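Have the model open in your viewer and a selection tool ready. We will walk through it one stop at a time.

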Amino acid sequence: MSRADRLATEITMSASTLATPEPQVSGWRALAARMGRSGWLAVLAILAAVFAVQAPAIARVAARSRLHAPDLALITGAPPAVQVHLTAVLAALGVGAWLLIGRKGRLAHRVLGWSWAVFMIVAAGSSLLIHTSGGFSILHGFSAWTLVAVPLGVYAARRHEVGRHRRYMTGVFLGGLVVAGALAFLPGRLMWAMFFG
Ligand code: HEM
(Lines give C-alpha, C1' and ligand atoms only; values in the text may rest on other atoms or scores of the structure.)
Protein backbone atom coordinates (compact mmCIF):
# COMPACT_ATOMS: atom_id res chain seq x y z
CA MET A 1 0.00 0.00 0.00
CA SER A 2 1.41 3.38 -0.98
CA ARG A 3 1.94 6.18 1.57
CA ALA A 4 -0.98 8.13 0.03
CA ASP A 5 -3.28 5.07 0.34
CA ARG A 6 -2.25 4.56 4.00
CA LEU A 7 -2.97 8.23 4.74
CA ALA A 8 -6.38 8.01 3.05
CA THR A 9 -7.26 4.89 5.13
CA GLU A 10 -6.22 6.65 8.35
CA ILE A 11 -8.31 9.73 7.54
CA THR A 12 -11.37 7.55 6.77
CA MET A 13 -10.95 5.66 10.06
CA SER A 14 -10.60 8.88 12.11
CA ALA A 15 -13.66 10.37 10.42
CA SER A 16 -15.76 7.29 11.18
CA THR A 17 -14.60 7.39 14.83
CA LEU A 18 -15.57 11.06 15.09
CA ALA A 19 -18.93 10.44 13.45
CA THR A 20 -19.81 7.69 15.93
CA PRO A 21 -22.45 9.24 18.20
CA GLU A 22 -21.85 9.23 21.98
CA PRO A 23 -23.80 6.38 23.58
CA GLN A 24 -27.04 7.91 24.89
CA VAL A 25 -27.46 6.96 28.52
CA SER A 26 -30.39 8.32 30.42
CA GLY A 27 -31.98 7.98 33.83
CA TRP A 28 -30.94 8.65 37.41
CA ARG A 29 -28.10 6.12 37.11
CA ALA A 30 -26.51 8.22 34.35
CA LEU A 31 -27.00 11.39 36.41
CA ALA A 32 -25.31 9.78 39.41
CA ALA A 33 -22.40 8.63 37.27
CA ARG A 34 -22.01 12.11 35.79
CA MET A 35 -21.97 13.78 39.20
CA GLY A 36 -19.11 11.64 40.45
CA ARG A 37 -18.44 10.80 44.09
CA SER A 38 -16.80 14.15 44.91
CA GLY A 39 -19.77 16.08 43.47
CA TRP A 40 -22.23 14.20 45.66
CA LEU A 41 -19.97 14.57 48.69
CA ALA A 42 -19.71 18.34 48.14
CA VAL A 43 -23.50 18.72 47.89
CA LEU A 44 -24.08 16.54 50.98
CA ALA A 45 -21.34 18.35 52.95
CA ILE A 46 -22.90 21.78 52.26
CA LEU A 47 -26.37 20.54 53.26
CA ALA A 48 -25.04 18.77 56.38
CA ALA A 49 -23.02 21.83 57.48
CA VAL A 50 -25.98 24.19 57.11
CA PHE A 51 -28.41 21.85 58.87
CA ALA A 52 -25.88 21.12 61.66
CA VAL A 53 -25.54 24.86 62.37
CA GLN A 54 -29.30 25.31 62.23
CA ALA A 55 -30.18 22.05 64.06
CA PRO A 56 -31.09 23.57 67.48
CA ALA A 57 -33.23 26.29 65.89
CA ILE A 58 -34.88 23.75 63.55
CA ALA A 59 -35.65 21.44 66.49
CA ARG A 60 -37.16 24.30 68.53
CA VAL A 61 -39.35 25.53 65.68
CA ALA A 62 -40.26 21.99 64.55
CA ALA A 63 -41.53 21.18 68.05
CA ARG A 64 -44.28 23.78 67.68
CA SER A 65 -44.91 23.37 63.92
CA ARG A 66 -47.05 21.00 61.93
CA LEU A 67 -47.26 20.23 58.22
CA HIS A 68 -50.38 21.76 56.66
CA ALA A 69 -51.82 22.54 53.23
CA PRO A 70 -49.77 25.30 51.55
CA ASP A 71 -50.82 28.78 52.68
CA LEU A 72 -51.04 30.35 49.21
CA ALA A 73 -51.98 33.76 50.67
CA LEU A 74 -48.31 34.10 51.65
CA ILE A 75 -47.38 33.89 47.96
CA THR A 76 -50.11 36.20 46.64
CA GLY A 77 -49.18 38.72 49.33
CA ALA A 78 -45.41 38.44 48.71
CA PRO A 79 -43.45 41.17 46.86
CA PRO A 80 -43.35 40.81 43.02
CA ALA A 81 -39.64 39.86 43.07
CA VAL A 82 -40.43 36.85 45.32
CA GLN A 83 -43.36 35.81 43.08
CA VAL A 84 -41.19 36.04 39.94
CA HIS A 85 -38.38 34.17 41.73
CA LEU A 86 -40.66 31.31 42.83
CA THR A 87 -42.28 30.98 39.39
CA ALA A 88 -38.87 30.82 37.70
CA VAL A 89 -37.37 28.29 40.15
CA LEU A 90 -40.39 25.98 39.93
CA ALA A 91 -40.26 26.06 36.11
CA ALA A 92 -36.47 25.51 36.21
CA LEU A 93 -36.84 22.55 38.59
CA GLY A 94 -39.32 20.74 36.31
CA VAL A 95 -37.58 21.49 33.03
CA GLY A 96 -34.10 20.91 34.54
CA ALA A 97 -35.00 17.46 35.90
CA TRP A 98 -36.39 16.48 32.50
CA LEU A 99 -33.22 17.72 30.75
CA LEU A 100 -30.89 15.83 33.10
CA ILE A 101 -32.78 12.54 32.88
CA GLY A 102 -33.84 12.68 29.22
CA ARG A 103 -31.88 12.08 26.03
CA LYS A 104 -29.39 14.75 25.08
CA GLY A 105 -28.66 16.66 21.91
CA ARG A 106 -32.07 16.39 20.26
CA LEU A 107 -34.26 19.33 19.25
CA ALA A 108 -36.35 19.01 22.43
CA HIS A 109 -33.18 19.14 24.55
CA ARG A 110 -32.06 22.32 22.77
CA VAL A 111 -35.44 24.09 22.98
CA LEU A 112 -36.01 23.15 26.63
CA GLY A 113 -32.34 23.86 27.38
CA TRP A 114 -32.73 27.48 26.23
CA SER A 115 -35.93 27.81 28.32
CA TRP A 116 -34.13 26.38 31.36
CA ALA A 117 -31.26 28.87 30.92
CA VAL A 118 -33.78 31.75 30.80
CA PHE A 119 -35.64 30.44 33.90
CA MET A 120 -32.37 30.18 35.83
CA ILE A 121 -31.23 33.68 34.84
CA VAL A 122 -34.65 35.07 35.87
CA ALA A 123 -34.51 33.06 39.17
CA ALA A 124 -31.03 34.34 40.00
CA GLY A 125 -31.67 37.89 38.70
CA SER A 126 -34.91 38.32 40.66
CA SER A 127 -33.26 37.00 43.83
CA LEU A 128 -30.84 39.95 43.71
CA LEU A 129 -33.90 42.14 44.45
CA ILE A 130 -34.89 40.09 47.55
CA HIS A 131 -33.18 41.15 50.79
CA THR A 132 -35.04 39.46 53.65
CA SER A 133 -32.14 40.06 56.06
CA GLY A 134 -31.78 43.70 55.02
CA GLY A 135 -28.88 43.24 52.63
CA PHE A 136 -27.05 40.63 50.61
CA SER A 137 -26.62 37.14 52.15
CA ILE A 138 -24.60 33.99 51.43
CA LEU A 139 -27.48 32.83 49.24
CA HIS A 140 -26.78 35.72 46.87
CA GLY A 141 -23.47 33.94 46.18
CA PHE A 142 -25.51 31.16 44.53
CA SER A 143 -27.20 33.82 42.40
CA ALA A 144 -23.91 35.39 41.30
CA TRP A 145 -22.49 31.95 40.47
CA THR A 146 -25.65 31.02 38.50
CA LEU A 147 -25.46 34.26 36.50
CA VAL A 148 -21.90 33.34 35.45
CA ALA A 149 -22.18 29.52 35.12
CA VAL A 150 -25.37 29.37 33.01
CA PRO A 151 -23.99 31.59 30.17
CA LEU A 152 -20.71 29.62 30.33
CA GLY A 153 -22.68 26.35 30.06
CA VAL A 154 -24.63 27.68 27.05
CA TYR A 155 -21.38 28.89 25.43
CA ALA A 156 -19.85 25.42 25.93
CA ALA A 157 -22.90 23.81 24.28
CA ARG A 158 -22.65 26.20 21.32
CA ARG A 159 -19.01 25.17 20.91
CA HIS A 160 -19.98 21.46 21.18
CA GLU A 161 -17.82 21.07 24.31
CA VAL A 162 -20.10 18.38 25.71
CA GLY A 163 -18.16 17.54 28.88
CA ARG A 164 -17.76 21.17 29.94
CA HIS A 165 -21.43 21.92 29.12
CA ARG A 166 -22.55 18.90 31.19
CA ARG A 167 -20.41 19.93 34.20
CA TYR A 168 -21.68 23.53 34.28
CA MET A 169 -25.34 22.62 33.87
CA THR A 170 -25.34 19.67 36.30
CA GLY A 171 -23.47 21.84 38.81
CA VAL A 172 -25.97 24.70 38.53
CA PHE A 173 -28.94 22.32 38.81
CA LEU A 174 -27.67 20.40 41.84
CA GLY A 175 -25.46 22.98 43.51
CA GLY A 176 -27.70 25.96 42.83
CA LEU A 177 -31.26 24.86 42.35
CA VAL A 178 -31.43 21.83 44.67
CA VAL A 179 -29.24 23.23 47.51
CA ALA A 180 -30.72 26.77 47.34
CA GLY A 181 -34.18 25.16 47.16
CA ALA A 182 -33.52 23.03 50.26
CA LEU A 183 -32.28 26.13 52.13
CA ALA A 184 -35.51 27.95 51.19
CA PHE A 185 -37.36 25.56 53.56
CA LEU A 186 -35.35 26.55 56.65
CA PRO A 187 -37.42 27.87 59.61
CA GLY A 188 -38.14 31.58 59.35
CA ARG A 189 -38.21 31.57 55.57
CA LEU A 190 -41.29 31.93 53.40
CA MET A 191 -41.45 28.31 52.19
CA TRP A 192 -41.29 27.05 55.79
CA ALA A 193 -44.11 29.41 56.80
CA MET A 194 -46.12 28.28 53.78
CA PHE A 195 -46.04 24.59 54.74
CA PHE A 196 -45.28 24.52 58.49
CA GLY A 197 -45.92 28.00 59.93
C1 HEM B 1 -36.60 25.16 44.63
C2 HEM B 1 -35.84 26.22 44.53
C3 HEM B 1 -36.07 27.54 45.28
C4 HEM B 1 -37.09 27.95 46.08
C5 HEM B 1 -38.33 27.19 46.48
C6 HEM B 1 -36.77 29.30 46.51
C7 HEM B 1 -37.59 30.09 47.28
C8 HEM B 1 -37.27 31.35 47.72
C9 HEM B 1 -38.14 32.23 48.46
C10 HEM B 1 -39.57 31.91 48.85
C11 HEM B 1 -37.46 33.36 48.73
C12 HEM B 1 -38.03 34.60 49.48
C13 HEM B 1 -37.34 34.86 50.79
C14 HEM B 1 -37.70 33.90 51.89
O15 HEM B 1 -37.37 32.72 51.77
O16 HEM B 1 -38.30 34.27 52.89
C17 HEM B 1 -36.15 33.21 48.19
C18 HEM B 1 -35.13 34.12 48.31
C19 HEM B 1 -33.91 33.99 47.73
N20 HEM B 1 -33.51 32.99 46.86
FE21 HEM B 1 -34.56 31.36 46.39
N22 HEM B 1 -35.57 29.65 45.98
C23 HEM B 1 -35.11 28.62 45.21
C24 HEM B 1 -33.97 28.57 44.47
C25 HEM B 1 -33.05 29.58 44.44
C26 HEM B 1 -31.91 29.62 43.58
C27 HEM B 1 -31.60 28.58 42.52
C28 HEM B 1 -31.21 30.74 43.90
C29 HEM B 1 -29.94 31.24 43.30
C30 HEM B 1 -29.51 30.97 42.11
C31 HEM B 1 -31.89 31.40 44.95
C32 HEM B 1 -31.48 32.55 45.56
C33 HEM B 1 -32.24 33.26 46.47
C34 HEM B 1 -31.76 34.46 47.13
C35 HEM B 1 -30.39 35.09 46.98
C36 HEM B 1 -32.81 34.91 47.93
C37 HEM B 1 -32.78 36.12 48.87
C38 HEM B 1 -32.25 35.63 50.22
C39 HEM B 1 -32.16 36.74 51.23
O40 HEM B 1 -33.03 37.60 51.26
O41 HEM B 1 -31.21 36.74 52.02
N42 HEM B 1 -33.03 30.69 45.25
N43 HEM B 1 -36.05 31.97 47.56
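Start in the middle of things by selecting Met-120. Apart from neighbours within four places in sequence, Met-120 is in contact with Ala-92, Thr-146, Val-150 and Val-172. Keep these residues highlighted for a later stop.

**The whole chain**

Now zoom out, and remember that this is a predicted model. Colour by secondary structure: you should find eight helices and zero strands. Buried residues make up 15% of the 197 residues in the chain. Among contacts with a separation of 6 or more, 69% join residues 24 or more positions apart.

**Colour by confidence**

Next, switch to pLDDT colouring. The chain averages 83, and 81% of the residues score at least 70. Select helix H5, residues 107-127, where confidence is highest at a mean of 96. Then select helix H1, residues 3-19, where confidence is lowest, with a mean of 49. Over residues 11-22 the pLDDT is below 50, and this stretch has zero contacts in the model beyond near neighbours in sequence.

**The nonpolar core**

Return to Met-120 and add Ala-92, Phe-119, Ala-123 and Val-172: these five have the most contacts inside the largest nonpolar core, which has 16 residues. Which elements give two or more residues to this core? Select helix H4 (80-101), H5 and helix H7 (162-183) to see them. As background, nonpolar side chains in soluble globular proteins tend to be buried together.

**Around the ligand**

Now centre on the ligand and show the residues around it. There are 26 in this shell, and the closest are Ser-127, Ser-137, Ala-180, Gly-181 and Arg-189. Colour the shell by class and you will have 14 nonpolar, eleven polar and one charged residues. To see where the shell comes from, select H4, H5, helix H6 (139-158), H7 and helix H8 (190-196); each supplies at least two of its residues.

**Last stop: a loop**

Finally, pick Leu-186, in the loop between H7 and H8. Is Leu-186 buried, exposed or partly exposed? Leu-186 counts as partly exposed because 15 other C-beta atoms lie within 10 Å, while a buried residue would need 20 or more and an exposed one 12 or fewer. Not counting residues up to four places away in sequence, Leu-186 touches Gln-54 and Trp-192. Try a distance label to Val-50 as well: the two residues are 136 apart along the chain, yet their C-alpha atoms are separated by 9.7 Å.

Notes. Residues are numbered from 1 along each chain as its sequence is written. This is a predicted model: local features need pLDDT of at least 70, side-chain atom pairs count only at pLDDT 80 or more; totals for chains, interfaces and linings use all residues. pLDDT is the predictor's confidence in each residue, from 0 to 100. Helices (H or I, at least four residues) and strands (E, at least two) are DSSP runs, numbered from the N terminus. Two residues are in contact if their C-beta atoms, placed from the backbone, lie within 7 Å. A nonpolar core is a set of buried Ala, Val, Leu, Ile, Met, Phe, Trp, Tyr and Cys residues joined through C-beta atoms within 7 Å. A residue is near a molecule or strand if its C-beta atom, placed from the backbone, lies within 6 Å of it. Ala, Val, Leu, Ile, Met, Phe, Trp, Tyr, Cys and Pro count as nonpolar, Asp, Glu, Lys and Arg as charged, and the others, Gly among them, as polar.
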